[in-house]
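Here are some exercises to help you find your way around this model. Have a go at each task before you read the solution under it.

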Amino acid sequence: MKTICLATNNQHKVEELQKMLEGHFEIKTLQDIGCTEDIAETADTFEGNSLIKADYVYQNYHIDCIADDSGLVVDALNGEPGVYSARYAGEHGNHDKNMDKLLLNLKDVENRTARFKTVVTMILAGETFTFEGAVEGKIIDRKTGDGGFGYDPIFMPDGYDRTFAQMSMEEKNPISHRGRAIEKLIGFLKGR
């Protein structure tokens, strides 16, 4: 089985991706390959940040890899928080503060449509491939549920009456933005 590195330090993403890629790859984390650097995400697009991370790992550690950049895009806020989703309130990865800021910015706003978007970049034997996934939904007015991570407690996907944080990983993965991108990646691998 081919070995691939997941270019993320986000343990929640590692768990989600491991579950989705089971049987397709032997998974290595950045820690497994000895990568302790904080790879700067300096692009202004999901595509750019995903490529930066994948390319960094491939060039410096000579291992095939998968990287993603994901975020929440809120229509009424002109696409915010977008590529700044993880650090929307300033401190990187403070989910509660990020959600609090978003809810405050949407106070008294009627249009709460939003989407989670992800771009997955895979570098396999020196070739670069990208896969996109998105899920449409809306931002509810309070945190609901204790599963998931990031903005999951305030995001309700279209066609559901529960937030991502109220769903099990088995329920969320097939409909999530990341799940949809990984499904395209797996379909691509099967067709090779």
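## Exercise 1: Helix α3

**Task.** The model is a predicted one. Work out how far helix α3 should span and check the result against its end C-alpha atoms.

**Solution.**
- Step 1: α3 covers residues 46–61, which makes 16 residues.
- Step 2: The expected span is 1.5 Å times one less than the number of residues.
- Step 3: That gives 22 Å for α3, and its end C-alpha atoms are 23 Å apart, so the two agree.
- Step 4: Now look inward. The buried residues of α3 are Phe-46, Gly-48, Asn-49, Ser-50, Lys-53, Ala-54 and Val-57. Their cover includes β1 (3–6), α2 (30–33), β3 (65–74) and β4 (113–124).
- Step 5: Just after α3 comes His-62, with a positive phi near 55°.

## Exercise 2: A visitor to α3

**Task.** Find Ala-7 and decide: is Ala-7 buried or exposed?

**Solution.**
- Step 1: Look in the loop between β1 and α1, where Ala-7 lies.
- Step 2: Buried means under 20% relative accessible area. Ala-7 has 3%, so Ala-7 is buried.
- Step 3: Check its surroundings. Leaving out residues up to four places away in sequence, Ala-7 touches Leu-30, Lys-53, Val-57, Ile-66 and Ala-67.
- Step 4: Take Val-57 from that list. Ala-7 and Val-57 are 50 residues apart along the chain, yet their C-alpha atoms are separated by 6.9 Å.

## Exercise 3: Two helices that pack

**Task.** Describe how α1 and α6 pack: what is the angle, and how far apart are the axes?

**Solution.**
- Step 1: Pick out α1 (residues 11–21) and α6 (residues 177–190).
- Step 2: They pack at an angle of about 40°, and their axes are 10 Å apart. The crossing is right-handed.
- Step 3: From α1, the contact is made by Lys-13, Glu-16, Leu-17, Met-20 and Leu-21. From α6, Arg-178, Gly-179, Ile-182, Leu-185 and Ile-186 join in.
- Step 4: Sort this contact by class, and you get 6 nonpolar, 1 polar and 3 charged residues.
- Step 5: Try the length check on α6 too. With 14 residues, α6 reaches 20 Å from its first C-alpha to its last, close to the expected 20 Å.
- Step 6: Finally, list the buried residues of α6: His-177, Arg-178, Gly-179, Ala-181, Ile-182, Leu-185, Ile-186 and Leu-189. They pack against α1, β3, β4, β5 and α5 (169–175).

## Exercise 4: The nonpolar cores

**Task.** How many residues are in the largest nonpolar core, and which have the most contacts inside it?

**Solution.**
- Step 1: The largest nonpolar core has 20 residues.
- Step 2: Those with the most contacts inside it are Leu-72, Val-74, Leu-102, Ile-139, Tyr-151, Ile-154 and Phe-155.
- Step 3: At least two residues of this core come from each of β3, α4 (95–105), β4, β5 (127–139) and β6 (155–157). The largest share, 3 residues, is from α4.
- Step 4: Zoom in on Phe-155. Beyond residues up to four places away in sequence, its contacts include Leu-72, Phe-116, Val-135, Ile-139 and Phe-164.
- Step 5: There's also a second, separate core of 19 residues, with Phe-25, Ile-27, Ile-66 and Met-122 among them.

## Exercise 5: Loops and backbone angles

**Task.** Which residues does a cis peptide bond join? Then look at Asp-108 and Ala-125: are they buried or exposed?

**Solution.**
- Step 1: The cis bond joins Glu-80 and Pro-81, with omega at about -5°. Pro-81 lies in the loop between β3 and α4.
- Step 2: Asp-108 sits in the loop between α4 and β4. Its phi is positive, about 65°, although Asp-108 is not a glycine.
- Step 3: Ala-125 is in the loop between β4 and β5. Its phi is positive as well, about 50°, and Ala-125 is not a glycine either.
- Step 4: Exposed means over 50% relative accessible area. Asp-108 has 74%, so Asp-108 is exposed. Ala-125 has 61%, so Ala-125 also counts as exposed.

Note on methods
Residues are numbered from 1 along each chain as its sequence is written. This is a predicted model: local features need pLDDT of at least 70, side-chain atom pairs count only at pLDDT 80 or more; totals for chains, interfaces and linings use all residues. Side-chain values use heavy atoms; hydrogens and water are left out. Helices (H or I, at least four residues) and strands (E, at least two) are DSSP runs, numbered from the N terminus. Buried means under 20% relative accessible area, exposed over 50%, partly exposed in between (1.4 Å probe, protein chains only). Contact means heavy atoms within 4.5 Å. Axes are lines fitted to C-alpha atoms, for helices over the stretch in contact, and angles run from 0 to 180 degrees between N-to-C directions. A crossing is left-handed if the near helix is turned anticlockwise from the far one by less than a right angle, and right-handed if clockwise. Ala, Val, Leu, Ile, Met, Phe, Trp, Tyr, Cys and Pro count as nonpolar, Asp, Glu, Lys and Arg as charged, and the others, Gly among them, as polar. A nonpolar core is a set of buried Ala, Val, Leu, Ile, Met, Phe, Trp, Tyr and Cys residues joined through side-chain atoms within 4.5 Å.
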